[in-house]
Amino acid sequence: MESTLYLLPGVGLGVLTIWSLVTRSVLLPIPALFDHGLRVEENESPKLFWFFTTLYGSLGVTFLILFVMGSF
């Protein structure tokens, strides 16, 4: 039953990663720390874009793996 707690963040981060790759812009978690505002386009700051896209994707996969492992 506890494994279902991992499903929502895993799916949410997966959707956020796919949305970032399709629109080529990523939502920043704390916009006040960056000069770009709430969203950053890939052509504005490629390193920042790929860092957060990779971070969101890897965290999403981690949560989904935890969900699958908790189901057994």
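This passage walks through the fold of a predicted model and then turns to the aromatic residues and a threonine in one of its helices.

Starting with the overall picture, the chain has two helices and two strands, and from the N terminus on these elements come in the order α-β-β-α. Along its principal axes, the C-alpha trace covers about 45 × 25 × 15 Å. Of the 72 residues in the chain, 25% are buried. The accessible surface adds up to about 5000 Å², and carbon and sulfur atoms account for 74% of that. As for how the chain meets itself, take the contacts between residues at least 6 apart in sequence: 49% of these link residues at least 24 apart.

Helix α2 takes in residues 46-70, and threonine 53 sits within it. With a relative accessible area of 5%, threonine 53 falls under the 20% cut-off and so counts as buried. A polar atom of the threonine 53 side chain lies 2.8 Å from the backbone oxygen of phenylalanine 49, which puts the pair inside the 3.5 Å limit for a polar contact. Setting aside neighbours within four places in sequence, threonine 53 also touches Thr17, Ser20, Leu21 and Val26.

Phenylalanine 49 turns up again among the aromatics. The structure holds four aromatic pairs. In one of them, phenylalanine 49 and tryptophan 50 meet edge-to-face, with 5.0 Å from centre to centre and 80° between the planes. The two partners differ in how much of them is accessible: phenylalanine 49 is buried, at a relative accessible area of 0%, whereas tryptophan 50 is partly exposed, at 37%. The tryptophan 50 value lies between the 20% and 50% cut-offs, so this residue is classed as neither buried nor exposed.

Another of the pairs brings together phenylalanine 52 and tyrosine 56, this time tilted, with centres 6.0 Å apart and planes at 40°. Both residues belong to helix α2, where four residues, or about one turn of the helix, separate them. Each is buried: phenylalanine 52 has a relative accessibility of 5%, and tyrosine 56 has 8%. Phenylalanine 52 and tyrosine 56 also join Phe51 in one aromatic cluster.

Taken along helix α2, then, threonine 53 is buried, and so are phenylalanine 52 and tyrosine 56.

Key. Residues are numbered from 1 along each chain as its sequence is written. This is a predicted model: local features need pLDDT of at least 70, side-chain atom pairs count only at pLDDT 80 or more; totals for chains, interfaces and linings use all residues. Side-chain values use heavy atoms; hydrogens and water are left out. Buried means under 20% relative accessible area, exposed over 50%, partly exposed in between (1.4 Å probe, protein chains only). A polar contact is a pair of N or O atoms within 3.5 Å; within protein, one must be able to donate a hydrogen and the other to accept it, and residues adjacent in sequence count only if both atoms are side-chain atoms. Contact means heavy atoms within 4.5 Å. Rings of Phe, Tyr and Trp (its six-membered ring) pair if their centres lie within 6.5 Å; planes under 30 degrees apart count as stacked, over 60 as edge-to-face and the rest as tilted. Accessible areas come from the Shrake-Rupley method with a 1.4 Å probe; for residues, only the protein chains shown count as cover.
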